[in-house]
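Work through the exercises below with the sequence and the coordinates at hand. Each task is followed by a solution in steps.

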Amino acid sequence: RVRLSDGSLISCRGLAATPRQVKLQTEHLGDLTLPAARVTAVRFGKAERGVVESWHDLLSREIKRDRLVILKGKTLDYLDGVVGEVNDEQIKFLLDGDEIPVPLQRVYGIIFFRKATTSQGAAPIVCQAALRSGDAFGLTSVSIDDKACHGVLVGGAKVSLPVAQLERLDFAASRIIHLSAMTPRDVEHVP
């Protein structure tokens, strides 16, 4: 499963990456090519109980280099370095100046170091799409016809999927604010 910088989660059958771009063979959206800066993490391993909690803990930590995560028994271990090219067989990983080809079957996941950036100039997300499979992603434009939902991901990749795969389209996204979170304009006490 691939995690994008906007929080999107996309399931994949295959992945090929260079330092500049990532090519995904997704299960529901077809083949996508994204700028590498949009991908923040890739999980190759299964989401088993106990392990997935450790994975989420690693995702929440601040890092200064790319992180290669390896499953040892029922625990996750990691190495910090620089991830180079990724293909179906191996990951080229630069550790302390040495490039090490790491077999893909030994890797649970990769967490990429990304500098915090503002998305000035990027089209705003108008809709959050959630699929029955658990995938979720933001769309900057969306249209629906008789049998398909068409949209554009942040970053410009066009996607199309059957309406039957949709769980929901959320147009409120993050624009809902609870009254308790708002500051009142004025307060008046009436006895």
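A residue counts as buried under 20% relative accessible area, as exposed over 50%, and as partly exposed in between. The model is predicted.

**Exercise 1. Overall description**

Task: State how many helices and strands the chain has, and what percentage of its residues count as buried.

Solution.
- Step 1. The secondary structure consists of one helix and 16 strands.
- Step 2. Of the 191 residues, 34% count as buried.
- Step 3. For the extent, the C-alpha trace spans about 70 × 50 × 35 Å along the principal axes.

**Exercise 2. The salt bridge of Arg1**

Task: Find the salt-bridge partner of Arg1, decide whether Asp135 is buried or exposed, and say which parts of the chain the pair ties together.

Solution.
- Step 1. A salt bridge requires a side-chain nitrogen of Lys or Arg within 4 Å of a carboxyl oxygen of Asp or Glu. The closest N and O atoms of Arg1 and Asp135 are 3.3 Å apart, and the two residues form a salt bridge.
- Step 2. Arg1 belongs to the segment before β1 (2–4) and Asp135 to the loop between β12 (127–131) and β13 (136–144), so the pair ties together parts 134 residues apart in sequence.
- Step 3. Asp135 has a relative accessible area of 1% and is therefore buried. Arg1, at 28% relative accessibility, is partly exposed.
- Step 4. In general terms, side chains of opposite charge can pair when their charged atoms come close.

**Exercise 3. Two further salt bridges**

Task: Give the total number of salt bridges in the structure, then describe the pair Glu48 and Lys74 and the pair Arg61 and Asp57.

Solution.
- Step 1. The total is six salt bridges.
- Step 2. Glu48 and Lys74 meet through their side chains in a salt bridge with an N to O distance of 3.6 Å. This pair links distant parts of the chain, 26 residues apart: Glu48 sits in the loop between β6 (39–43) and α1 (51–60), and Lys74 in the loop between β7 (66–72) and β8 (75–86).
- Step 3. Glu48 is partly exposed at 33% relative accessibility, whereas Lys74 is exposed at 60%.
- Step 4. In the pair of Arg61 and Asp57, the closest N and O atoms are 2.8 Å apart. Arg61 is partly exposed at 39% relative accessibility, and Asp57 is partly exposed at 35%.

**Exercise 4. The second largest pocket**

Task: Give the volume of the second largest pocket and divide its lining residues into nonpolar, polar and charged.

Solution.
- Step 1. The volume is about 280 Å³.
- Step 2. The lining is made of Arg3, Thr40, Leu58, Leu59, Arg61, Glu62, Ile63, Ile111, Phe112, Phe113 and Arg114.
- Step 3. These residues divide into six nonpolar, one polar and four charged.
- Step 4. Arg61 is in this lining and also forms the salt bridge with Asp57.

**Exercise 5. A nonpolar surface patch**

Task: Which residues join Met182 in a nonpolar surface patch, and where in the chain is Met182 placed?

Solution.
- Step 1. Ile177 and Leu179 make the patch together with Met182, and its area is about 360 Å².
- Step 2. Met182 is placed in the segment after β16 (166–170).
- Step 3. Met182 has 46% relative accessibility and so counts as partly exposed.

**Exercise 6. The backbone at Asp96**

Task: Determine the sign of phi at Asp96 and the part of the chain that holds this residue.

Solution.
- Step 1. Phi at Asp96 is positive, about 50°, although the residue is not a glycine.
- Step 2. Most residues other than glycine have a negative phi.
- Step 3. Asp96 falls in the loop between β9 (90–95) and β10 (98–103). Its relative accessible area of 65% makes Asp96 exposed.

**Exercise 7. Separation in sequence and in space**

Task: For Lys115 and Lys64, and for Asp145 and Ser5, set the separation along the chain beside the C-alpha distance.

Solution.
- Step 1. Lys115 and Lys64 are 51 residues apart along the chain, and their C-alpha atoms are separated by 8.9 Å. Lys115 lies in the loop between β11 (107–111) and β12 and is exposed at 68% relative accessibility.
- Step 2. Asp145 and Ser5 are 140 residues apart along the chain, with 29 Å between their C-alpha atoms. Asp145 is in the loop between β13 and β14 (148–153) and is partly exposed, with a relative accessible area of 41%.

Note on methods:
Residues numbered from 1 in each chain as written. Predicted model: local features only at pLDDT ≥ 70, side-chain atom pairs only at ≥ 80, totals over all residues. Heavy atoms only, no water. Helix = DSSP H or I, 4+ residues; strand = E, 2+ residues; numbered from the N terminus. Buried < 20%, exposed > 50% of the residue type's maximum accessible area, 1.4 Å probe, protein only. Patch = residues over 30% accessible without salt bridge, like charges linked within 9 Å, V, L, I, M, F, W, Y side chains within 5 Å. Areas by Shrake-Rupley, 256 points an atom, 1.4 Å probe, with all protein chains shown as cover. 1 Å grid on protein atoms, 1.4 Å probe; cavity = no way out; pocket = protein on both sides within 12 Å on 5 of 7 lines; lining within 4 Å. Points joined across faces, edges and corners; volume = space filled by probe spheres on them. Nonpolar A, V, L, I, M, F, W, Y, C, P; charged D, E, K, R; others polar.
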